[in-house]
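Please open the structure in a viewer and keep the selection tool at hand. The tour below proceeds stop by stop.

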Amino acid sequence: ANILHQGDGSPKGSITFGDQSISIKLLEKADLSTFVHESGHLYLNELIDDATTAGTNEQLRTDLDTILKWMGLDVTSASGADAIKAAVQTKHHEQFARGSEAYAMEGKAPSQALREAFARFRQWFIQAYRSLTTGPLQVKLTKEVREVMDRLVATDDAINSAAQEADVLPAFTDAESAGMTPTQ
């Protein structure tokens, strides 16, 4: 079994990847970040498994390759699940898990349905960490990594719908263009 922990010394939580099962434990010092962090480990493993399954769609393979490159690894989805899992060390798993926390902390929901949850995540993480790069997370998310994480939690249709809504521009930019005085 492969066991990963959140936190040094006295961990907040852990995830165990067994031969036939996966177990997430939230320990005594667990907080909201613990579940997001441990879920990040699970998402990475699932992405590797799904993207290397025969007949999977090209987007999953591309997403995995994006993440592997971001983690600084020289393997690709074409290398196969066993080779990728052998190359992904604890430090890479932790980078992805911290990246999952950073993604949640940004509060940018990929769909309308997730806006409230992401707003709450952001509020909590800001109180807990204050900064993405100088606090305990110490990760920098690229646009491409954010897009992969969006696809982990929302459908393409939901992401596109939210993006179209975000692109709505106001009909008037000032009182004059609306035919009104500033007071009106």
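A residue is called buried when its relative accessible area is under 20%; this cut-off is needed at the last stop. The model shown is a predicted one.

**The sheet.** Begin by selecting β1, β2 and β3, which form an open sheet of three strands in the order β1-β2-β3, with antiparallel pairing. The edges are occupied by β1 (2–6) and β3 (22–26); each has a single partner strand, so one side of each is left without a neighbour in the sheet. On average, neighbouring strands here are turned by 10 degrees against each other, direction ignored.

**One pair of strands.** Next, select residues 13–17, which make up β2, together with β3: the two pair in the antiparallel sense over five bridges. Within this pair, display S14 and find K25 of β3 standing opposite.

**The helices on the sheet.** Now add residues 32–51, helix α1, which lies across β1, β2 and β3 and runs at about 20 degrees to β2. Then select helix α4, residues 90–106, which also packs on the sheet and touches β1 and β2. The direction of α4 makes about 45 degrees with that of β1.

**A loop residue.** Finally, move to the loop between α1 and α2 (58–70) and select T56. Is T56 buried or exposed? Its relative accessibility is 14%, which is under 20%, so T56 counts as buried. Leaving aside neighbours within four places in sequence, T56 is in contact with D50, A51 and R61. For D50, show the backbone oxygen, which lies 3.1 Å from a polar atom of the T56 side chain.

Note on methods:
Residues are numbered from 1 along each chain as its sequence is written. This is a predicted model: local features need pLDDT of at least 70, side-chain atom pairs count only at pLDDT 80 or more; totals for chains, interfaces and linings use all residues. Side-chain values use heavy atoms; hydrogens and water are left out. Two strands pair if DSSP finds at least two bridges between them. Helices (H or I, at least four residues) and strands (E, at least two) are DSSP runs, numbered from the N terminus. Axes are lines fitted to C-alpha atoms, for helices over the stretch in contact, and angles run from 0 to 180 degrees between N-to-C directions. Contact means heavy atoms within 4.5 Å. Buried means under 20% relative accessible area, exposed over 50%, partly exposed in between (1.4 Å probe, protein chains only). A polar contact is a pair of N or O atoms within 3.5 Å; within protein, one must be able to donate a hydrogen and the other to accept it, and residues adjacent in sequence count only if both atoms are side-chain atoms.
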